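Colleague: I would like to take a close look at a single part of this model, and I would be glad of an answer that a first-year student could follow with the structure on the screen.

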Amino acid sequence: MRLRTLTLAAASGAALLAAGLLPAHASAASPESAQEGTVSAADLLAKVTSCSQISSGKYKTDDETSATVPVCGKNGAVFWKADMDIDCDGQRTANCNEDRDPWYQDDTAFHQSDGKPLKAETLPYVVVPSTSSIWNYSSAGIKGGGVVAVIYNNKVEYAVVGDTGPTKIIGEASYATAKALGIDSDPETGGTDSGVTYILFKNSKVSPIESHSAAVSLGDQLAKQFLANN
């Protein structure tokens, strides 16, 4: 996982100015690829307008920010609203490696069905904070391979719980998640400072964890249940 620094804002501004010159690998995904399933972003967001806090405290979105983000509970799910940092950990690929990502690690907390780490460049996954006195994700029914609806800019992308991060920071997802949502996926300078909603469905598990199509199929079912039960 990665920790962004205060230089991010300046880097992001520069990236925006140069948006027309970005290389192909940094281009945003087409809108069609980011609306997955049949449940709209608006319908999901309408169910998470208020927070019933289940975490003992709140999280920071980055190392230098204040702790402002609670984990909230709903029937069948937990959610938070935060930023998105880019996780490029796991198997080495063209865009996720030591040269592209200063914080790169060659492993993820949860592994593919063949035992290998996940592949951040191609698999949409979300990072959850490691267990601490603030919150224990596993006690809340969240497990590796669990389904997450990630919502940004009126788009829904289904991902899996794929990695764990620092105990005091929240708001991170894989390169593939960001790219699908039209967020700058550069592991060093990318991400977005706000506007991302993460809805994690309790006691769910995609099998195999590396099957994105399975995550979309299960995620759509769970999203419909979530609307019906909240």
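Which residue in β7 is the bridge partner of A149? Please start from there and then show how that strand and its surroundings fit into the chain.

Modeller: The bridge partner of A149 in β7 is I199. Before going further, please keep in mind that this is a predicted model, and that the values I quote are computed from it.

The bridge between A149 and I199 belongs to a pairing of two strands, for strand β4, which covers residues 147–152, and β7 pair in the antiparallel sense over four bridges. Strand β7 also pairs with strand β2 (residues 77–87), and here seven bridges join the two strands, which again run antiparallel. If you would like a residue to look for in this second pairing, find V78, whose bridge partner in β7 is L200. So that you can picture such a strand, remember that in a regular strand the side chains alternate between the two faces of the sheet.

Is strand β7 largely enclosed or not, and how many of its residues are buried? Strand β7 runs over residues 192–201, and seven of these ten residues are buried, so the strand is largely enclosed by the rest of the structure. The word "buried" here means a relative accessible area under 20%. For the chain as a whole, 51% of the 230 residues count as buried.

It helps to place the strand in the order of the chain. There are five helices and seven strands, and, when you read along the sequence, they follow the pattern α-α-α-β-β-β-β-β-β-α-β-α. Among contacts between residues at least 6 apart in sequence, 76% join residues at least 24 apart. The chain exposes about 9,700 Å², of which carbon and sulfur atoms supply 51%.

From the strands we can turn to the cysteines, where the count comes to two disulfides. One of them is formed by C51 and C72, whose sulfur atoms are 2.0 Å apart. C51 lies in the loop between α3 (41–45) and β1 (72–74), while C72 is in strand β1, so the pair ties together parts that are 21 residues apart in sequence. The torsion about the S-S bond of C51 and C72 is about -100°, so this disulfide is left-handed. The two cysteines have these surroundings: C51 is partly exposed, with a relative accessible area of 39%, whereas C72 is buried, with a relative accessible area of 3%.

The other disulfide joins C88 to C96, with an S to S distance of 1.9 Å. The torsion about the S-S bond of C88 and C96 is about -65°, so this disulfide, too, is left-handed. Here C88 is buried, at a relative accessible area of 1%, and C96 is buried as well, at 0%. With the bonded cysteines counted along the chain, the disulfides follow the pattern 1-2, 3-4.

Charged side chains add a further kind of link, and the count comes to four salt bridges. In one of them the side chains of R92 and E98 meet, at 2.7 Å from N to O. R92 also forms a salt bridge with D106, where the closest N and O atoms are 3.9 Å apart. D106 and R92 both lie in the loop between β2 and β3 (125–129), 14 residues apart, and the pair links distant parts of the chain. Taken together, R92, E98 and D106 are linked in a network of salt bridges. Of the acidic residues in this network, E98 is partly exposed, with a relative accessible area of 43%, and D106 is partly exposed, with a relative accessible area of 44%.

Another salt bridge is found within a helix, where K224 pairs with D220, the closest N and O atoms being 3.5 Å apart. Both residues lie in helix α5, which covers residues 212–229, and they are four residues apart, about one turn of the helix. K224 is partly exposed, with a relative accessible area of 44%, whereas D220 is buried, with a relative accessible area of 11%.

To return to the starting point, strand β7 pairs with β4 over four bridges, is joined to β2 by seven, and has seven of its ten residues buried.

Technical notes
Residues are numbered from 1 along each chain as its sequence is written. This is a predicted model: local features need pLDDT of at least 70, side-chain atom pairs count only at pLDDT 80 or more; totals for chains, interfaces and linings use all residues. Side-chain values use heavy atoms; hydrogens and water are left out. Buried means under 20% relative accessible area, exposed over 50%, partly exposed in between (1.4 Å probe, protein chains only). Two strands pair if DSSP finds at least two bridges between them. A disulfide is a pair of cysteine sulfur atoms within 2.5 Å. Contact means heavy atoms within 4.5 Å. Accessible areas come from the Shrake-Rupley method with a 1.4 Å probe; for residues, only the protein chains shown count as cover.
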